[in-house]
Each structure stands twice: as structure tokens, then as C-alpha cells.
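Hi,

Here is the structure I promised to pass on. Please have it open while you read, as my notes follow below.

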Amino acid sequence: MKQIVRRIAAKGYRELMLRGYLRNVWYPRYQFQYFPRQLCFLADCLDRTADVDGSVVEIGCAHGLTTTFLYEYLADTGILKEYICIDTFSGFTSEDISIEKKQRGKNHDYGWEFKNNNVEWFKESLARRHITDIKVLKADISSLDDALLPDRVSFCLLDVDLYQPVKVGLERIFPRLSPGGIIVVDDCWSKSRHMWVDGVGEAYDGAMQAYKEFTAKQGLPQKFAETKLALIERPKTST
Ligand SMILES: C[S@@+](CC[C@H](N)C(=O)[O-])C[C@H]1O[C@@H](n2cnc3c(N)ncnc32)[C@H](O)[C@@H]1O
């Protein structure tokens, strides 16, 4: 009986695909949160830091799309590094949202975003691409145990959108950044419109504020690339 039901379901599913029903849901489409040039820029950062000591860290990895891209880029290039992913896997924390709303005057509905996630689903999805040696940490960057962070970081993609987690992420990663290392902070919009994206910047301008405050405090130059990426580079000669 089970087999008959399964066969009918499979036939129905095939029909649905062939006729294009519900294609809004299943038809493959580009799902990266970065435009192609931005992905190329990130890959270039991996090349530039290939010989730099330390791990690659992605803070805010969501469903692992950029994780897969960056990890496979490293593997394909022959760059052997520990890859660490950190995420709550349940969206923004109530503390971080509260800072946006109460201190930064935002009324954007951050509450439901990136909630459709689960650390096990994330690992399963990567495993389907044969990626099984990533260190995945389910944690709030603000309260993650210090001992779980690597001593040395060669490249970090800090993609947690809001003011507080970007601020804390910079404070925690910069001291670990090796000479020659690079941190890229996402959502630091240098213009409000790019390609067909309009107005995304305003709800997420906390990332830019945290980046500007941090670089000013540390006396670091501010560098921007590809419309929404901000950089921190530790010179090769520094200790
Ligand atoms: C824009 S998404 C990351 C996208 C991902 N880098 C990509 O390119 O596919 C932001 C992620 O940051 C995570 N996040 C938000 N606040 C966080 C925090 N305080 N600690 C850790 N992760 C956080 C969210 O759960 C979400 O998955």
C-alpha cells in the first residue's frame, strides 16, 4: 500500500514539475545574497589571504549558500584552512533587535527574518555537497565562548546585518586577525540603490554605524568595495 501511495505521489510530483505548477516555489533561481561581482570580490580576498595564517570565519552564514561558494572555492584552489561558521540559526536575537528599535529608532520587522533555519538542516545541506569538515557553531556572536573562536583568523566575512552583532563581531575578530588578514563587513551600503535593489540599506544601516565607530576608535582606514562591502585589513608588517 505504501509503495502505491509513493508511486502516485512521485507521478503527481513529476506532473506538477512538467506542467510548471507551483513553479514559484521549486523552479531553480539565483539565491545568493551577493551579486556576482561581490562574490568575486570575496573569492579574491581568499586568494589574497591564501598564505596568511589562521582560519576562515563566516559570522552569519544563514542557509550556507555563500559558505558553499567560499568553501568550494578554497578547496578547488588548494587552500587548506579551517572553515568556521557561526550563526544563531534562528535569526536575530531579541537583544539585538531591541537595540535597533529602542536605540536606533527602527521599526522594521526583523523578528521573522532568517528564522526558517536549523543547525542540523544547515549541516545536512552542506553534507549533500560533501562538505563535512566545517566547524559549525550555533551561537550568538555576543555570548559565544571565547575558547571556541580560533586564535588566528586569516579571513572573516561578518554578515550579521544589525548594529550590535557587527560591533561585537569586530571587537572579537579584529584582535585575532593575522598580519595580512582581512575582515569584510556586509551591509555597509555606500549607495541606497544598486542594480534592482532599492532601499535595503536603511533597515540595515547598523552595520555601517558599527564599522565606522570601530575603525574610528582603532584609527583604521575605512575602505569600501562593491557597493555594500566594508573592509578591515591588518597590514602584513604589523604584529
Ligand atoms: C544576511 S544573513 C547571512 C547570509 C549569509 N552570509 C549568506 O551569504 O548566505 C544573516 C545571518 O546572521 C545571523 N545572525 C544574526 N544575528 C546574529 C548573532 N547575534 N549571532 C550570530 N548570528 C547572527 C542570522 O541568523 C542570519 O542567518
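A good place to begin is helix α4, where Thr-66, Thr-67, Leu-70 and Tyr-71 are the buried residues. Around the helix axis these residues span an arc of only 125 degrees, which means that they sit on the same side of α4. Among the elements that cover them are α3 (36–48), β1 (55–59), β2 (83–87) and α6 (119–127). The helix itself runs over residues 65–77, 13 residues in all, and its first and last C-alpha are 18 Å apart, close to the 18 Å expected at 1.5 Å a residue. After α4 comes Gly-78, with a positive phi near 85 degrees.

Before going further, please keep in mind that this is a predicted model.

Next, have a look at α7 (residues 163–173) and its partner α5 (residues 94–103): they pack at an angle of about 115 degrees, and their axes are 7 Å apart. The two helices are therefore roughly perpendicular to each other. On the α5 side, the contact is made by Glu-95, Asp-96, Ile-99 and Glu-100, and on the α7 side by Tyr-163, Gln-164 and Pro-165.

How many of the 11 residues of α7 are buried? The count is 10, so α7 is largely enclosed by the rest of the structure. The three contact residues Tyr-163, Gln-164 and Pro-165 of α7 are among the buried ones, and the list goes on with Val-166, Lys-167, Val-168, Gly-169, Leu-170, Arg-172 and Ile-173. You will notice that Lys-167 and Arg-172 are included in the buried set. Besides α5, the cover over the buried residues of α7 includes β1, β4 (153–158), β5 (177–185) and α9 (206–218). Strand β1 may look familiar, since it is also listed among the cover of α4.

Now to α1 (residues 2–19). Is this helix enclosed or in the open? Of its 18 residues the number buried is zero, so α1 lies largely in the open. From the first C-alpha to the last, α1 reaches 26 Å, close to the 26 Å expected at 1.5 Å a residue. Gly-20 follows just after α1 and takes a positive phi of about 80 degrees.

Finally, the overall layout. The domain assignment of the protein gives domain 1 as 1–30 and domain 2 as 33–233. Taken over C-alpha atoms, the centres of domain 1 and domain 2 are 36 Å apart.

Happy browsing, and write back whenever you like.

Best wishes

Notes. Residues are numbered from 1 along each chain as its sequence is written. This is a predicted model: local features need pLDDT of at least 70, side-chain atom pairs count only at pLDDT 80 or more; totals for chains, interfaces and linings use all residues. Domain bounds come from an automatic or database domain assignment. Helices (H or I, at least four residues) and strands (E, at least two) are DSSP runs, numbered from the N terminus. The expected span of a helix is 1.5 Å times one less than its number of residues. A residue is buried if 20 or more other C-beta atoms lie within 10 Å of its own, exposed if 12 or fewer, and partly exposed in between; C-beta atoms are placed from the backbone. The arc is that of the directions from the helix axis to the C-beta atoms. Two residues are in contact if their C-beta atoms, placed from the backbone, lie within 7 Å. Axes are lines fitted to C-alpha atoms, for helices over the stretch in contact, and angles run from 0 to 180 degrees between N-to-C directions. Angles under 35 degrees count as roughly parallel, over 145 as roughly antiparallel, 65 to 115 as roughly perpendicular and the rest as oblique.
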